[in-house]
Structures are given as structure tokens and as C-alpha cells.
Amino acid sequence: MNIFSSLRTRLLLLVIIALIPFVILIISSNLRYRSNRETEIRQELSHYGRMTQSNLNGFFENTRKLLLTISSTEVVQRGSPSEISVSFEKLHRKFNDYINLGMADINGNIISSAIPMPKSINSSDLLWFRQAVKTREFSFGKYQMGRVVSVPVIVFSMPIPDDEGKIKGVLYLSISCEWFRKLVTDIGLPQGYAFSITDIDGTILSRYPDPEKWSGKQLKDSPIVVAMLNKQNLFVETEDLDGENRINYISAARYGDSILHYSIGISLETAFSEINRDLQINMAVLIFVGLFSLLAAFIVSEKFILRPVNALTIVAGSLSRGDFSVRTVQTGMSGELGQLAMTFDSMASALSKQMDEIRAGGEALRESEQLLKSIIEHLPVGVWYLNAKGEIIFGNPAGHRIWEGGRHVGIEQFGEYKGWLLKSGKQIEPHEWGAARAIENGEIELEEEIEIECFDGTRKIILNSALPLRGNSGEILGAISINEDITERKRAAEALADEKERLSVTLRSIGDGVITADTHGTVVLMNRVAEELCGWTLAEARGNPLSTVFVIIDQITRKPSENPVGKVLASGQNTELTKQTLLISRDGTERLISDSGAPIKDRNSLTIGVVLVFRDMTERQKLLDAAQRNDKLDALGVLAGGIAHDFNNLLAGIFGYIDLARSINTADDEVANCLDKAIAVFNRAKDLTQQLLTFSKGGAPVRKTGQLEPLLRKSVSFALSGSKIACEYSIAADLWSSCFDENQIGQVIDNLVINAKQAMPAGGKILVSAGNVIVKEGEKPGLSGGNFVRVSITDTGTGIQPYLLNRIFDPFFTTKLKGNGLGLATCYTIIHKHEGCIEVESVVDKGTTFHIFLPASPGEIVQGVDSSSVLHKGSGKMIIMDDEEYIREILGSMLGDMGYTVLKAKDGEEALKICAEAMGKSIRIEGAFLDITVPGGMGGKETIVQIRQRCPHMLVFASSGYSEDPVMSKPTGYGFTDSIRKPYRKEELAAMLNRHIK
């Protein structure tokens, strides 16, 4: 028998239930008080946490300012270690919070200390030292046993820069871990609270209470320490170091990369002791009241409830047997029980009436069924009902239209039908249809795409769904199958897919990069060129923010550029990027691009996305930079040529007279020595004018076919003599020969090696390599296709900032305090005039590589001749034509010493007149020296034309310090026998005459 069937038991249970709200009230009040108390505790902990943070931050800042002030003092910057130690000792007595003050050199050796050191100490392995050197900022370390003071300490440090900004040492201040006791006192932490502070590794610096027990211990596995190291600025209820559960406030004090973790907590028992005591008292009172109420309910229920109820039970039995005509006798019953007796009478009458209504309800049910049938028949999708045997019992008109295909077919003909799975093309067997599986296994099939054959032979595509029909006990009574004709929808989807494929083919064929994004800036589509330039495939990029895939920065500032999608969406107009925009590929490759963005609008002119079109402008920009650089060099060449021409004429006179004086004076050694030194100085002046001539149109190289390797080794070795830089060579054994001007290419190598040496002031390594390369047409800007010799010079120096790379070859551009900005401009001009090119690659703080490409030459290698002691003797008449009298005098003296008779002319007209007179007298002219440029008169270039008409076999030599035309580099092309550049020495003149006069 169920114990709750008794009315008395239920009444007692009701009393108990009535007490439950009081229990809930007590508990909820307790929980509310506990929550309020917990809020108060958290506020108190936060208060002490803020005080701790403020005290620590204040102490850090005061320490930083103190270290900064000390580091800038004259004694620290200029004093000896002993002087610094004396100063530190005085400061230590003044700032007694710190137990030591000292200084370490850049290698970590303690060189000065307020407290005398018993031995030499190195601190390079300590965190405070490493952090100060690495960050170049104020830092502090972690728990350590002091190496000077031999007590647990925390060390604060500050780097000391020298006048050039380099770190020459580290200044440090030490505090004892005992200092943190003072911190607990300063924040006024009450009794019953706990305070812990650790370093970055979790080592306990101090603990209150019992600091001696915990200081110096590393307890990374302790729950509180784990929480301190991994969480900040929050409350954690966990086990403390002493094993007691506490509510802890956890935070950290930071300065840069340095950090101290601390927690302030109060035990749960202490926090909630008063609330727990109130709960115990209230529950005891409630238990007493409950027992008293149960006793009273037991006594009252017997007399006033159970006896009347038993009388009513007898009457209820008759009603339960279906005797609705029976009525209760209400004598002696009053109140609720009397009302219950009246209710029994009303119930009997109501039941009698309901039986009449049930009979009328059958008709309404039939009307509902008719309404449902009407709805199904008007549905636009086919609905079929199958019985448990799989036989089709009913199909609505829409279903018949789908399958009949225009014919009228009776329901009895739907026993066999054909269908194929659209994805696989497999024909569906009778037991594999969704309805069959629903009847057999109770499976539910939703929207299966099937191609069917209608009764008229046509084919359609339908979405087929099926679900089982179950009885009240769960048995399967049949199935419902639903068909939707999607033939037209499928055809439209296929047409859309075809259109999308054509669009994709079109995008792949476009030579520019194309990216489309939606209004949220998310990548939707990108073509093959965009994939190559960005380094992302479409599959990887789709759904990512455009700023992740299309990464652009300003070429000058290196700062991120504005997202073009945002600009287009904001303005609704087409937009373009700046000309200095760099695209950063996924692999880090940088490309200069031009870009335009345009909104994508729907048929209602609403913006639904953005399309970006961009192209790689890197090579084109290189061509433009090269053209602009050549324009600058051409402008410089006009100025340089004029200066060099006049200066070379002056040098020719000065040097000629010195050379003559040197040949005349042979007795006085002291005079001869001075003249030799003057000649050496002259050679330097000659090199300067030659450097200016490099920029002029007349500075064409005098090229001879030869091997580059000897020149490379000689030039590099000379440039690195006396330096701490090592050099490695990697030169191909089969290196092709090249046609080059030895002096000019040597100047290029010197400039590049000197630049590399200046980029490695502390020493380093240079790699010089040379090899054969074949350049395809258009592969490199300004370089025709063919065979080339590539020379590469690589250093391990500081590198060049990216935004400076396109300016380093500009004339007069330099980043050096003592530079003139002509070195790399000279290199560029020389290589350009050799029909080659020069390129640069650089990574900041890793090094720079210059690549030189010179055309390979199949010609015969020309051997040089030492002209330092060449003599020449001849006879006959020589014409000297020059507008400068001192040039005529000096050259006349040199030729006279060699045995020639000299005829002088100041311009071309006089020279032609002398030739005409000699021919009239049948006098042979052995040769002539013609100055190319004669201001206000006929120069050598015009004169040679008439001389060749009269004397086609005469030796005629071009002489000039500068020429607008490349006569000096290719004299035979203009009718001259040879050329000699001013200024020149007697030995150079003799060497040239020996080549043509035997």
C-alpha cells in the first residue's frame, strides 16, 4: 500500500511542505548575506590590491628616476671605477631603503659597488642585467641571493649609454626581500589576511604571515602560485600556501618586460564565521516549530477530516460503478465537506450530460477530416499515402501532375515507377525508395534529389521526402511521401553555374590581379594573377578579411595603407591607391603596385561589394627610376664636363712643366724629390677630374677585352688593406672575358668595397663572387639579352633601409656625415656606360649585396703595357694645334726632346694653313696633335675631315681633357689615328708614338 494514499499522511506532508518556504527563506537570506559579505570582502581585497599596486608602482618609478639621475651624473659618465664606488657609498648612506648600489660593464663584470666586493663578480647571467641590455630600458630581475651582500634580494637596473648612444654598462640598485614586510605594514593589512608576492618564476619573495618559512621557495605546483602566474586582476577561491582555502585577489606589478606577482587573501572560515552561526540558530528554531505543527495536525485531522471523508467514500463508490442517478445525503456535513457532497451530485449530472455530447462529436470529426483532405488536394507539392504493405492508397492532384506528365493515370497504375539518383546516376530499386525504407526501417528521408521518368516518357527532377506514420503504440502504419518538381530550378542553377564558370575563365585570363569582397570586407573571389601576387589561393583566401590577404603599406613610411574597400564603401565612388603603395605577399615579397577599386552595385544601385584591380608596377618603376636617374646624371654631366675640360687643360700645363723640370733637373736630389711628390699629388688631381668625367657624355670608357678576376682581387685587396674585415672569393674557373675600362671598373670595385667596410665598423666578412649568366630579353630593366659576367659583393653590415634603396644611386645623395654622394652615382654611371647594370639587395642588420652585370666579350684579351719608363725617338715635322699657348709649349718641348721639329697652331685654320704650305713645298708632315675643343675657333673634329681629304695617311692624334663627343674613346671612328687624354706624362706620349711609329 502506498504510504501517501492516507489522507492523514498527506495532511502531515502538507504541513511539511508549508515549512519549506521558511527553510528556503532562511537559506536564501543566508546566501544573500553571504553574497553581500563576499562583495565586501572583494572590495576590501581590491582596496588592499590597489594600495599594493600603487606602492609598488611608486617604488618602481622612484627607483627608475633615481637610477636615471645617477646614470647621467658626471662621475658615472666619466669617472673611474674607484671614483664611482666612492660616490655610490655616499648615495647608499642617503638612500637606506636599498642595500647596495653598483655598476656593471657591458660584459656583466661588477666594476663599482657601494659595498666593497670580496672578489670579482660577473652578472651577465642574471635577468636584471640581460633585460637592461636587451630592452635598453629600466628593468628588474627575480629572486636571487645577493652576490655582494649575501642576502635574498631583488635588483633594479638601468642601461648606461655612451655619447654615441651605445650601452657601455648597467647601473643597478638592490633591495632586500625583507623590504616587502614594510609593504604589508604600509597598506595596513588586518589580522587574518594573507599576503604573498613572487617573482616572474614563481619564487616566493615574501609571505605574510610567516615570511621566514616561505621566502625563497619556488612552489610552481601550488594552486595559488599557479593562479598568480597565469591570471591577473581577478579573484580566485583556492588553496593557499598553508593549505587553507581563501578568497584571493591576484594581480601583478609590471614595468616593461619585468613583473612581480602578488595575492591578498582571507580564509573562508574567517570571512563567513558570523553568517554560518546565524544559519545554525535559525535552522534549530525552524525544526522545533515544524515538530510542533506536525503533532497538532495529527490530532485535528482525525476528528474534523477523516470521519466525514469516510462517509463520503461510500457514496462515491456507487457513482464509480456508473450509477449517475445516485445522490449524496448531506445531513451532518458542513463547510468544505458539505461542498464536496454537493460536488458529487453536480458531477453525476455533468457526466450524464457529457454522454449526450460525445454522440454529437462524431459528426464534427468527420467535418475536420474533410477539411484536411481539401488542404492536401490544393497543396503545390505532391503528397502520397502508402499503407504498411507499400501500396499507394492516395495521391493528391499535384502528385499526379508531376508523375503523369500530361496523361491521366489511375491510382492502380502507380505500382511501378522509375527513378535515378541525381548525384550518382544509379537507378533506384523498389526497396531503395524513401517510402519503402520508411515503412521497413522507420527511416526519414528529406529532400533527396531524384530524376524520374513520367508516364508519358518525359524526365523530371524532383526533391523526394518520406517519413513513416506510426500508431499510438509506435507501430508503423504506413508512410507519407512528398514530391516537389525542381526541374526548372535545377536548369536555372546549372545556367548560373555555367555563367559563373565563364566569369571565372574571364578572370583567369585578365593580366591584372582582381579581388572581389563583400560589404564586410571579406574576400569572395580572386583570379590567378591575384593569387600569385598575394601568395594566397582562392580556397585559402575566401572568407578571410581583405586586410589579411591584400596587405599594403606605404613605400616611404612603411606604415599600413588605408583599406581600399573601406574607402570605396564610404565614398561609393571609384578610388585609387597612392603611387608609393607596396603589396606584401604571404611569403614576404614586396611589390610596387597600382590599384583601383570600384563598388559593385545590384539592379537597384545598392552597393553589394567592392572589386579591386591591381597590377605589379615593380619592374616598370625600376625602368622609370633608371630613366630619371639617367636624366639627373646627364644634367650633372654637362656641369662636370665643363669643369673637367678647363681643369684638365690647367693640369696639363702644370704637370707638363713639372715633368719638363724633372727631366731637366737631374743633379739636385732634393729638388727632384719635391718634383716627384708634386707628380704624385698631380695623379690624385687627375683621378678627381676623371671621376667628374665619368658623369659627362665625353667620359666614355676606354675598353679593352680582359679577365676581371685579377682586377677584382687587386682592387678588393687594396681597399681592405689594414682593416679587420675578412674576404672570401668565389670566382668561376671558366669565367668569361669582358670588354671594360680597367681604371673605371677598378674605381667601381673600390667604391663598393669601401662602402661595405664602412658598414662593418666592428669587422665582418665580405664575399666576392663572379660567374657567367645568360640574361633573357626584358628580364632586367635597361639590359639587352645576351651573355653577361655577374660580379657580386656581399657584406654582413648594417644594411640599407628599404625606403632608401631607390635613392642610393642619385648624385650627391648620402647618409654619411663625411660623404659627398658621388661614390654610388659614379658606379652606376660607369656600369651604365659599359652597357651593363648594377642592382642592390639589402636586409637591415643582416647585410647588403651589390650585383654588377657586364657584357661578356669573345674578343682577344689585350695585354697591358707598362709605360712608366718608355722612351721614343723619331724625326720629321709634327703639327701641334691647341688654343692654350702653354700646352703648345710643353708638348713642343716633349716632341723636341724626342727628335721632332714642331710646327704650332692655335686653331684648325692655322693647322690647315701649315699643311697646305708644307704640301706646296713638298715637305712631309710626320703627324699632328689636334685639340678637340677650341672655343671660338675650328676644333680638331672639324679639322680632321679636311686633313683626311688632303693627307689620308698622316698620323693625326686627338688630344683633349674633355669632349662632348666620344672621340677620345673611339678615335678611329672619327678619322684619328689614336687619342691621348690631358693631362699626360712624357712616358704616356712616348708609349702612344711607339704604337704607331716604328
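**Helix pair, sheet and cores in a predicted model**

Modeller: In α23, G908, L912, A916 and M919 meet T943, Q946, I947 and R950 of α24; contact means heavy atoms within 4.5 Å. This is a predicted model, where local features need pLDDT of at least 70, side-chain atom pairs count only at pLDDT 80 or more, and totals for chains, interfaces and linings use all residues. Residues are numbered from 1 along each chain as its sequence is written, and side-chain values use heavy atoms, with hydrogens and water left out.

Colleague: Are α23 and α24 roughly parallel or roughly antiparallel to each other?

Modeller: Helices here are DSSP runs of H or I with at least four residues, strands are E runs of at least two, and both are numbered from the N terminus. Axes are lines fitted to C-alpha atoms, for helices over the stretch in contact, and angles run from 0 to 180 degrees between N-to-C directions. Helix α23 (residues 908-920) and helix α24 (residues 940-950) pack at about 10°, their axes 10 Å apart. Angles under 35 degrees count as roughly parallel, so α23 and α24 are roughly parallel.

Colleague: Which strands are the edges of the sheet β8-β7-β11-β10-β9?

Modeller: Two strands pair if DSSP finds at least two bridges between them. The open sheet has 5 strands with antiparallel pairing. Its twist averages 25° from one strand to the next. Strands that pair on one side only are the edges: β8 (204-208) and β9 (234-239).

Colleague: What is the bridge partner of Y193 in β11?

Modeller: Strands β7 (residues 193-198) and β11 (residues 258-267) run antiparallel, joined by 6 bridges. Helix α5 (residues 179-187) packs on this sheet, touching β7, β8 and β11. For Y193, the partner in β11 is I266.

Colleague: Which helix gives the largest share of the largest nonpolar core?

Modeller: A nonpolar core is a set of buried Ala, Val, Leu, Ile, Met, Phe, Trp, Tyr and Cys residues joined through side-chain atoms within 4.5 Å. Of its 45 residues, L56, F60, F88, F156 and F180 touch the most other members. The largest share, 9 residues, comes from helix α1 (residues 7-71).

Colleague: Is L612 buried or exposed?

Modeller: L612 is found in strand β24 (residues 607-616). Its contacts beyond four places in sequence include I515, F550 and P564. Buried means under 20% relative accessible area, exposed over 50%, partly exposed in between (1.4 Å probe, protein chains only). At 1% relative accessibility, L612 is therefore buried.

Conventions:
Angles under 35 degrees count as roughly parallel, over 145 as roughly antiparallel, 65 to 115 as roughly perpendicular and the rest as oblique.
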